[in-house]
Amino acid sequence: CPHPVLNVSSRLRSLSRLQRIQGHMMSSHVEPEVLLEKVGRAGVITMNRPKVLNALNLSMIRQISPQLKKWENDTETDIIIIKGVGGKAFCAGGDIRAVTEAGKLGDSLAQDFFREEYILNNAIGTCRKPYIALIDGITMGGGVGLSVHGRFRVATEKTLFAMPETAIGLFPDVGGGHFLPRLRGKLGLFLALTGFRLKGRDVQRAGVATHFVESKKIPDLERELVELKSSSAENVSRVLDSYQNQVRILRPVPTLTIQTYKPKQILSKMSPTSLKITYKQLQAGASLSLQDVLVMEYRLSQACMRGRDFYEGVRAVLVDRDQNPKWNPSTLEEVSDQSVDQCFSSLGEKDLTF
């Protein structure tokens, strides 16, 4: 799809918005956006932007990535824990508004954000030390990328998981093409296309989380993990199992709770281009390594930046909030296979490399 044409005044408005967003990202935080602390033999990463539900921006990625590598190679660090502050969210997603403003202007943030985020996702997936994500609260998009590829993911009754990208003209990225098709049956495809929200225990039942612990027990759990004398994956697993076994099950619920749901009605609101890209992404990702999926997803991210629907979706859902995006093309039938295939094409020298 051609890039949206911007006249001079709209370019200036976009530049002004991008400068405001980036200036806000840099100047208004007396508190650091992410805390990186060594506690005993544990490296602890804390997302510290509670006012924006710990949304992930490029400066946070650039702080977490080198520290993760440092701890992975440090003989004095046995485990890595990642969590969010504020009581509402682990991480509600990436800082998408800044990315769309950059994309309109051809600013490099539109490439840098996705490239560096995906490199971090891969580093989490290949981390040799036990990586424990405490997903106590909203965990969407970029927050899923910070957690789901790690060895251990601990959900609570406050966890709200979703990959809602098709509603904003994007696709379930951050390695969604790897973990979603590996969920049982067609559950991953359902979550990817509809953006359906999983809550609490269902996050573990679906296989997104490895453990389920009561939210009030999370501080005790973290303390016990930090104080482990021998932090092997087996010992970490034993501690997590013991906390999971403390959960009172009020009623037996053997299966996922997907209440009355109207997928056709939901799908009709999503970007038709996004739906077709996502379907093909999960088909391909089912047999690819995480690294190869991320290479594919970087190509898709840049196709979305060149297209129209991502900008329109962010406008309708996050900026104007009228919830009435005008997709182009507006129907699935109008989205040609050729246009979808083009989104998966190599970027040559600009492809993602690790």
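In this predicted model, helix H7 is followed by glycine 195, a residue whose phi is positive, near 70°. The helix that leads up to this glycine spans residues 187–194, and H7 is mostly covered, with 8 of its 8 residues buried. The buried residues are Leu187, Gly188, Leu189, Phe190, Leu191, Ala192, Leu193 and Thr194. The cover over them includes strand S8 (160–162), strand S9 (198–199), helix H11 (263–267) and helix H12.

Helix H12, made up of residues 272–285, deserves a closer look as a partner of H7. The axes of the two helices come within 10 Å and cross at roughly 155°. Because angles over 145 degrees count as roughly antiparallel, H7 and H12 are roughly antiparallel to each other. Their crossing is right-handed. On the H7 side, the residues that meet H12 are Gly188, Leu189, Ala192 and Leu193, while H12 contributes Leu275, Thr278, Tyr279 and Leu282. Sorted by class, this contact has 6 nonpolar residues, 2 polar residues and no charged ones.

A second helix pair can be described in the same way. Helix H2 (residues 58–72) has 15 residues and reaches 21 Å from its first C-alpha to its last, close to the 21 Å expected at 1.5 Å a residue. Its buried residues are Leu58, Met60, Ile61, Ile64, Gln67, Leu68, Trp71 and Glu72. Covering them are elements that include strands S1 (34–39), S2, S3 (79–84) and S5 (131–135), along with helix H4 (109–126).

How do H2 and H4 lie, roughly parallel or roughly antiparallel? Their axes come within 10 Å and cross at roughly 25°, which makes H2 roughly parallel to H4. The crossing of H2 and H4 is left-handed. From H2, the contact is made by Leu58, Ile61, Arg62, Ile64, Ser65, Leu68, Lys69 and Glu72; from H4, it is made by Leu109, Asp112, Phe113, Glu116, Glu117, Leu120, Ala123, Ile124 and Thr126. These residues divide into 9 nonpolar, 2 polar and 6 charged.

Strand S2 (residues 42–47), which holds threonine 46, is also part of the cover over the buried residues of H2. With a relative accessible area of 3%, threonine 46 is itself buried, since buried means under 20%. Apart from neighbours within four places in sequence, threonine 46 is in contact with Glu33, Val34, Leu35, Glu37, Lys83 and Val85.

Alanine 167 offers another single-residue view. This alanine is placed in the loop between S8 and helix H6 (176–179), and S8 is among the elements covering the buried residues of H7. At 23% relative accessibility, alanine 167 counts as partly exposed. Not counting residues up to four places away in sequence, alanine 167 touches Met270, Gly313, Val317 and Trp327. Alanine 167 and aspartate 309 are 142 residues apart in sequence, and their C-alpha atoms are 9.6 Å apart in space.

These details can be set against the whole protein chain, which contains 15 helices and 10 strands. Of its 354 residues, 54% count as buried. Among contacts in the chain between residues at least 6 apart in sequence, 76% join residues at least 24 apart.

Technical notes:
Residues numbered from 1 in each chain as written. Predicted model: local features only at pLDDT ≥ 70, side-chain atom pairs only at ≥ 80, totals over all residues. Heavy atoms only, no water. Axes fitted to C-alpha atoms, helices over the stretch in contact; angles between N-to-C directions. Helix = DSSP H or I, 4+ residues; strand = E, 2+ residues; numbered from the N terminus. Parallel < 35°, antiparallel > 145°, perpendicular 65-115°, else oblique. Left-handed = near helix turned anticlockwise from the far one by under 90°. Contact = heavy atoms within 4.5 Å. Nonpolar A, V, L, I, M, F, W, Y, C, P; charged D, E, K, R; others polar. Buried < 20%, exposed > 50% of the residue type's maximum accessible area, 1.4 Å probe, protein only. Expected span 1.5 Å × (residues − 1).
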